[in-house]
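Hi,

Here is the structure I promised to pass on to you. Have a look at it first, and my notes follow just below.

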Amino acid sequence: MLTSLQELWLQSGLAPIWQWLSHWLALDARQAIFVVATPFFIGVATWEYLKIRHDPKLMDLPEAIKNFMLGAGYQLTELLFAGLIAFPVFALAYYHRLWTLELTFYTAFLTFIAVDFCFYWMHRCSHRVRWFWAAHVVHHSSTRFNFSTAMRQNATNIFNGNWLFYVPLAWLGFNPLWIGIAFALSLVYQFFIHTTLIGKLPRVIELIFNTPSHHRVHHGRNSGYIDRNYGGVLIIWDRWFGTFAAEDRLDPPTYGITTPLRGQDLVSLWTHEYVDLFKDIKQAKSWSQGVKHLIKPPEWRSLHHDNEL
């Protein structure tokens, strides 16, 4: 039966079309990891829903469904456009690489460390540079923190350019395929730290790894929690670069962003900060002020406005 189906597929003429299409869609190992992991995400999120569904502060089913729709939009644009936008840049950097690194246990481990290091700086800039924040803000705009929040991503990420933070790794000699796999596995790990059901873990784990406790701080809008704990898998970067904050049981995180949302539809969630950003640039009194709206932290807008008053 399998042989007959395979022969039918080869004789249909669809095989070469699919081979070409799969490359164009960037259906590589990175995307395959996301596709395989998604059913597990849904299963774990369903388990969590059954645990906390009676508490509206922790769970809202329509919002959880919307979060997965946001995640689907993110995966779709990555699938469609990564091969056209990001992959050629990685290929160019890798073609001009300084070294050629063969895949071994040690280079695989080094890839993981390097990707996590780049993630820290990408994530930090996603909070401190308004252009990158325009895409990342959707992930923080929910007032709830649960597994579905991890899927709350922006479909504009591939156009926003935050993937550029990883390009230097290809230039150094890390194969772009390895980079993609390490990045995908990092995101899979990070899904599981979006929950209130897990308290603090043993001290040695909390010392080295990003945990639900650390990530609750990251999503908090309390004054002492904002712009803290940017790490992906490892929290050591925050400890080294002075951005770490521990969760305080006397000051539990309040989730969400400091500016209220105008709409809750998918398009508004994806674009509201872009709309405000381009409106500010249009109203800027000089080109340099317009550039500052792009590269300054999100709060620079209000601070600049207050100074003018």
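Let me start with the second largest pocket, where helix H6 gives the largest share of the lining, 4 residues. Please keep in mind that this is a predicted model. The volume of this second largest pocket is about 620 Å³. It is lined by 26 residues, and those closest to its centre are Trp133, Ile257, Thr258, Thr259 and Pro298. Two or more lining residues come from each of helix H5 (105-128), helix H6 (130-140), helix H12 (212-219), helix H14 (266-283) and helix H16 (300-308). If you are thinking about the chemistry of the lining, the residues divide into 7 nonpolar, 10 polar and 9 charged.

One of those helices, H12, deserves its own paragraph. All 8 of its 8 residues are buried, so H12 is largely enclosed by the rest of the structure. The buried residues in H12 are Pro212, Ser213, His214, His215, Arg216, Val217, His218 and His219. What covers them? The cover of the buried residues of H12 includes H5 and H6, along with helix H7 (147-150), helix H11 (203-208) and helix H13 (236-241).

Next, the aromatic residues. The count comes to 22 aromatic pairs. In one of them, phenylalanine 90 and tryptophan 163 have ring centres 6.2 Å apart and planes at 40°; the pair is tilted because that angle falls between the 30 and 60 degree limits for stacked and edge-to-face. This pair links distant parts of the chain, 73 residues apart: phenylalanine 90 sits in helix H4 (residues 61-95), and tryptophan 163 in the loop between helix H8 (157-160) and helix H9 (167-172). Phenylalanine 90 has 9% relative accessibility and so counts as buried, and tryptophan 163 is buried too, with a relative accessible area of 14%.

Another aromatic pair, tryptophan 131 with phenylalanine 278, is edge-to-face, at 6.3 Å centre to centre and 65° between the planes. Here too distant parts of the chain are linked, with tryptophan 131 in helix H6 and phenylalanine 278 in helix H14, 147 residues apart. Are these two residues buried or partly exposed? Tryptophan 131 counts as partly exposed at 23% relative accessibility, because buried means under 20%. Phenylalanine 278 is partly exposed as well, with a relative accessible area of 46%. There is also a cluster in which ring pairs link Phe117, Tyr120, Trp121, Tyr230, Trp237, Trp240 and Phe241.

On to the cysteines. How many disulfides does a search of the whole structure find? The search finds 0. Cysteine 118 is in no disulfide, and the nearest cysteine sulfur, that of cysteine 125, is 11 Å away. That distance rules out a disulfide between them, because the two sulfur atoms would have to be within 2.5 Å. Cysteine 118 has 10% relative accessibility, so it counts as buried.

Finally, a histidine to look at when you have the model open. Histidine 293 lies in helix H15 (residues 287-295) and counts as buried, at 7% relative accessibility. Leaving aside its neighbours within four places in sequence, histidine 293 is in contact with Arg130, Leu277, Asp280, Ile281, Ala284, Trp300 and Arg301.

Happy to talk any of this through.

Best wishes

Notes. Residues numbered from 1 in each chain as written. Predicted model: local features only at pLDDT ≥ 70, side-chain atom pairs only at ≥ 80, totals over all residues. Heavy atoms only, no water. Buried < 20%, exposed > 50% of the residue type's maximum accessible area, 1.4 Å probe, protein only. 1 Å grid on protein atoms, 1.4 Å probe; cavity = no way out; pocket = protein on both sides within 12 Å on 5 of 7 lines; lining within 4 Å. Points joined across faces, edges and corners; volume = space filled by probe spheres on them. Nonpolar A, V, L, I, M, F, W, Y, C, P; charged D, E, K, R; others polar. Contact = heavy atoms within 4.5 Å. Phe/Tyr/Trp six-rings, centres within 6.5 Å; stacked < 30°, edge-to-face > 60°.
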